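Okay, thanks for coming, everyone. Have a look at the structure on the screen, and I'll walk you through what I found in it.

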Amino acid sequence: VSNLKREMIINRGQNDGVQQGLYVLGQNSIIGKITELKESTSKVMLITDSRSKLPVMIWRDGNKEYIPAHLLGSGMETAKIPLLSREFDIKVGDTVYAAAVTGLLETPRMIGTIMKCEPDEKFPLLWDITVSPVCQAETLKDVAVIVVNP
């Protein structure tokens, strides 16, 4: 894992059927997406990379619906959910899932949990939300690339 860009290189590439944009799992949770390919290796941009942006859904047991949002990497070990109205009932401990994306992710998959949820100081009608990933990529030994059947 690179400290500056929050990326990792995996030992699977084009020869293995890997394609750009595919989601990558670590410890059964989404850790990132394939961004670059070579014949036998691929680069994975982690969800914590400052260039990362993913559609997500927030869920709490007992709720009837997911809350749609976008997850942005912070460049550190966490990610943020910006521009979410305080009209939504969000609490520390709520679960964040990668939203299903046609052709890439058939069903929502867990990404992390909300570790901080406070009114935004600059924009008091919005939440300041920080997400802690389920999996710390630095400790991984194995990952899986999600390939959806065409």
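Before we start, one term: when I say strand, I mean a DSSP run of type E with at least two residues, and a helix is a run of H or I with at least four, both numbered from the N terminus. Keep in mind too that this is a predicted model.

So, which pattern does the protein chain follow along the sequence? It goes β-β-β-β-β-β-β-β-β-β-β. In other words, you have eleven strands and zero helices here. The chain has a radius of gyration of 16 Å, and the globule rule gives 15 Å for 150 residues, so this chain is as compact as a globular protein of that length. If you lay the C-alpha trace along its principal axes, it spans about 50 × 35 × 20 Å.

Now, a bit about the contacts. Take the contacts between residues at least 6 apart in sequence: 55% of them join residues at least 24 apart. As for the surface, the accessible part is about 8,800 Å², and carbon and sulfur atoms own 51% of that. On the inside, 43% of the 150 residues are buried.

Let's go to those insides. The largest nonpolar core has 25 residues, and the ones touching the most other members are Ile30, Ile58, Ile81, Ile90 and Ile129. Several strands give two or more residues to this core, including β5 (53-59), β7 (79-81), β9 (109-119) and β10 (127-133). There's also a second, separate core of twelve residues, with Val18, Leu22, Ile31 and Cys135 among them.

Let me zoom in on Ile129. Leaving out residues up to four places away in sequence, Ile129 touches Ala79, Lys80, Ile81, Leu84, Ile90, Ile114, Lys116 and Cys117.

Next up, β10. How many of the seven residues in β10 are buried? Six of them, so to speak, mostly covered. β10 runs antiparallel to β9, with seven bridges joining the two. In that pairing, Thr113 stands opposite Ser132. β10 is also antiparallel to β7, this time through three bridges, and Ala79 has Val131 as its bridge partner there.

Then there's an open sheet of five strands, in the order β1-β4-β3-β2-β11, and the pairing is antiparallel. β1 (7-10) and β11 (144-145) sit at the edges with a single partner strand each, so each of them has one side without a neighbour in the sheet. Look at the β11 end: β2 and β11 pair antiparallel over two bridges, and Leu25 stands opposite Ala144.

Last stop: a charged-looking spot in a loop. Arg60 is in the loop between β5 and β6. Is Arg60 buried or exposed? Its relative accessibility is 19%, and the cut-off for buried is under 20%, so Arg60 counts as buried. Its side chain makes a polar contact of 2.9 Å with the side chain of Asp89, and another polar contact, of 2.7 Å, joins the side chains of Arg60 and Asp94. Setting aside residues up to four places away in sequence, Arg60 touches Asp89, Ile90, Lys91 and Asp94. You've met Ile90 already: it was one of the core residues touching the most other members.

That's my tour, thanks for listening.

Conventions. Residues numbered from 1 in each chain as written. Predicted model: local features only at pLDDT ≥ 70, side-chain atom pairs only at ≥ 80, totals over all residues. Heavy atoms only, no water. Core = buried A, V, L, I, M, F, W, Y, C linked by side-chain atoms within 4.5 Å. Buried < 20%, exposed > 50% of the residue type's maximum accessible area, 1.4 Å probe, protein only. Contact = heavy atoms within 4.5 Å. Polar contact = N/O pair within 3.5 Å; in protein donor to acceptor, adjacent residues only side chain to side chain. Pairing = 2+ DSSP bridges. Rg over C-alpha atoms; globule rule 2.2 N^0.38 Å. Areas by Shrake-Rupley, 256 points an atom, 1.4 Å probe, with all protein chains shown as cover.
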